[in-house]
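The exercises below are meant to be worked with the sequence and the coordinates side by side. Try each task before reading the solution that follows.

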Amino acid sequence: MSRLTGVGVSSGRAAGPIVRVAEPLPEPAATPSPADQVAEAARIRPAADTVAEGLFQRAARVGGDAKAVLETTAAMAMDPALISQAEQLVTTRSLPAVRAVYEAANGFADALRAAGGYMAERARDVHDVRDRIIAEIDGVTPPGVPELSTPSVLVARDLAPADTADLDPELVLALVTEEGGPTSHTAILARALGIPAVVAVRGVLAASGAGATVDGDAGDVELSETEVAVRVAERPEHADWNGIGQTADGVPVKVLANVGSATDSTTAVAVGAQGVGLFRTEFCYLGADVEPDVATQRSAYAEVLTPFAGKPVIVRTLDAGADKPLSFLDMGAEPNPALGVRGLRVAFDRPDLLDSQLEAIAGAAQDSGAEVSVMAPMVATADEAGWFAERARANGIDRVGVMIEVPAAALSAAEILQAVDFVSIGTNDLAQYVFAADRMVGALAGLNDPWQPALLRLIAMVGQAGRQVDKSVGVCGEAASDPHLAGVLAGLGVTSLSMNASAVQAVGAALAQHPHATFRKAAEAALEAPSAAAARQTTKTTLA
Ligand SMILES: C=C(OP(=O)(O)O)C(=O)O
Ligand SMILES: [Mg+2]
């Protein structure tokens with residue numbers, strides 16, 4: 001028996017035999033050059049079509065978010081830009097088809113990674129599509145979750161959205177991954193499906209074991225050399241959510257979605273999100289060699305806003321700079337990109353960039369009929385918040401807020417709320433800066449755990465500042481997507497929660513289960529907990 005520890009990201013305790021998810025394929029060689037380049041290039045499109053077809057077939061068997069995730073991955077496999085770039089690599093550089101797909105997909109993934117934050121996490125999806133197409137060309141088993149016939153604990157390096165989307169909670173007892181963090185797709189979907197999960201378990205791939213006992217609250221994984229009897233986690237019965245974000249005694253807590261594209265918006269509307277708490281506008285600038293003009297931005301934003309006509313949408317202005325470089329904006333190299341000129345700081349040097357974006361957002365608000373507010377990322381002081389609010393209002397946007405994702409901003413929430421109409425806490429970055437722990441480094445996932453009491457204490461300060469002036473305090477980091485933590489956040493004074501669409505129903509239902517006073521009690525206990533695991537555990541007991 002051996003015991004490993006990681007970060008518990010989805011609650012519950014389960015046990016059973018281990019099934020290991022196949023590792024990614026090895027890097028394909030750049031040789032030998034094909035004898036017939038045209039014939040070699042012609043192998044790519046049918047393979048991509050077959051992969052897409054398989055994903056569409058899986059999508060047809062499921063509903064809701066799983067369907068959307070599988071359809072999005074299928075669309076990525078058929079992306080004409082990806083395919084034609086791979087075909088060109090065969091004809092211009094005489095690469096074997098598998099190598100060409102590998103290089104073309106990596107180029108796309110690198111662009112996403114350079115965009116940083118949320119976009120960087122999507123690079124994983126491109127690698128998934130890449131490996132599926134390569135496996136199809138080579139006629140080998142694609143990496144990913146094998147077909148399960150008996151209840152099992154899945155052990156993987158990490159899981160792609162297409163792997164997790166149609167996991168059957170009856171057959172998957174628990175998930176354990178060597179990599180990934182609390183904001184990874186695995187974590188979000190595991191919570192939505194009610195499957196216990198522990199991520200960032202270093203050494204689990206190398207460790208031997210036939211069975212495992214997984215504790216998704218404590219983050220413990222016990223490996224056993226012999227078979228382990230199947231134990232299914234108790235799943236809380238989620239009443240169907242009625243679409244109104246409120247506690248059992250009617251205290252409103254809006255349940256909103258995070259979106260980055262028109263597809264995200266359509267999915268979010270389908271699951272009943274009451275609006276958008278975070279629209280990441282970075283996508284509009286990705287890979288652009290020149291700044292997109294106001295008309296281009298306006299129509300791109302309007303597409304994302306239109307599904308939410310008549311509903312509240314918070315549009316976040318460009319969160320770029322430093323580790324998210326824009327090719328038309330040379331900010332120079334920085335020794336500490338995460339602490340550099342990023343988010344709103346870019347606009348201090350280039351206010352014209354912000355003004356154009358605000359003008360486009362105001363136009364898109366008119367075109368779409370959505371009730372649009374704007375907010376700025378990476379704000380550190382009340383002066384900065386005031387500067388942004390003035391510019392937004394001058395551009396015709398009346399409701400203005402800022403993100404609280406820098407510890408200084410949390411400590412100055414009362415002053416910041418004098419300057420703006422609302423704040424929204426970005427727990428992904430706030431955790432990174434509070435713990436001085438890069439959010440992209442798997443080894444530090446334990447510090448970036450949103451249940452860390454030190455992070456909760458900062459959120460409580462912001463909640464209290466909001467209550468004092470009766471202004472709204474949202475959370476739009478991934479913390480909001482955890483149904484148990486959602487109740488704690490409400491108890492800390494948070495008035496809206498914004499999350500990945502896959503979590504909307506579970507969070508809405510969880511809020512409706514208890515009166516606000518119970519969430520306050522849970523929040524008080526979590527604030528005093530000595531560790532993230534203890535905060536999770538005490539909340540589970542209070543909200544049982
Ligand atoms: C919501 C957040 O913004 P992003 O993940 O885009 O940095 C956050 O930091 O919590
Ligand atoms: Mg952020």
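**Exercise 1. The open sheet**

In what order do the 8 strands of the open sheet lie, and what kind of pairing do they have?

Solution. In this predicted model, tracing the sheet from one edge to the other gives the order 1-8-7-3-4-5-6-2, and the pairing is mixed. The next step is to look at the two ends of that order: strand 1 (2-5) and strand 2 (7-10) stand at the edges with a single partner strand each, so one side of each has no neighbour in the sheet. From one strand to the next, the twist averages 30°.

**Exercise 2. One pair within the sheet**

Determine the sense in which strand 3 and strand 7 pair, and find the bridge partner of P17.

Solution. Strand 3 covers residues 13-20 and strand 7 covers residues 211-215, and the two pair in the antiparallel sense over 5 bridges. Within this pairing, P17 has G211 of strand 7 as its bridge partner.

**Exercise 3. Helix 2 against helix 4**

Describe how helix 2 packs on helix 4, beginning with the geometry and ending with the residues in contact.

Solution. The axes of helix 2 (residues 44-61) and helix 4 (residues 80-93) are 10 Å apart, and the helices pack at an angle of about 150°. Since angles over 145 degrees count as roughly antiparallel, helix 2 and helix 4 are therefore roughly antiparallel to each other. Their crossing is right-handed. On the side of helix 2, the residues I44, R45 and A48 meet I83, A86 and E87 of helix 4; sorted by class, this contact has 4 nonpolar and 2 charged residues, with no polar ones.

**Exercise 4. Helix 16 against helix 17**

Carry out the corresponding analysis for helix 16 and helix 17.

Solution. The axes of helix 16 (residues 427-434) and helix 17 (residues 453-469) come within 10 Å and cross at roughly 120°, which makes helix 16 oblique to helix 17. The crossing is right-handed. Here T427, L430, A431 and V434 in helix 16 meet A454, L455 and L458 in helix 17, and the contact comprises 6 nonpolar residues, 1 polar residue and no charged residues.

**Exercise 5. The protein as a whole**

How many helices and strands are there in the protein, and how compact is it?

Solution. The protein has 21 helices and 16 strands. Its radius of gyration is 23 Å, close to the 24 Å that the globule rule gives for 544 residues, so the protein is as compact as a globular protein of that length. Along the principal axes, the C-alpha trace spans about 70 × 55 × 45 Å.

Terms used:
Residues numbered from 1 in each chain as written. Chains lettered and ligands numbered in written order. Predicted model: local features only at pLDDT ≥ 70, side-chain atom pairs only at ≥ 80, totals over all residues. Pairing = 2+ DSSP bridges. Helix = DSSP H or I, 4+ residues; strand = E, 2+ residues; numbered from the N terminus. Axes fitted to C-alpha atoms, helices over the stretch in contact; angles between N-to-C directions. Parallel < 35°, antiparallel > 145°, perpendicular 65-115°, else oblique. Left-handed = near helix turned anticlockwise from the far one by under 90°. Contact = placed C-beta atoms within 7 Å. Nonpolar A, V, L, I, M, F, W, Y, C, P; charged D, E, K, R; others polar. Rg over C-alpha atoms; globule rule 2.2 N^0.38 Å.
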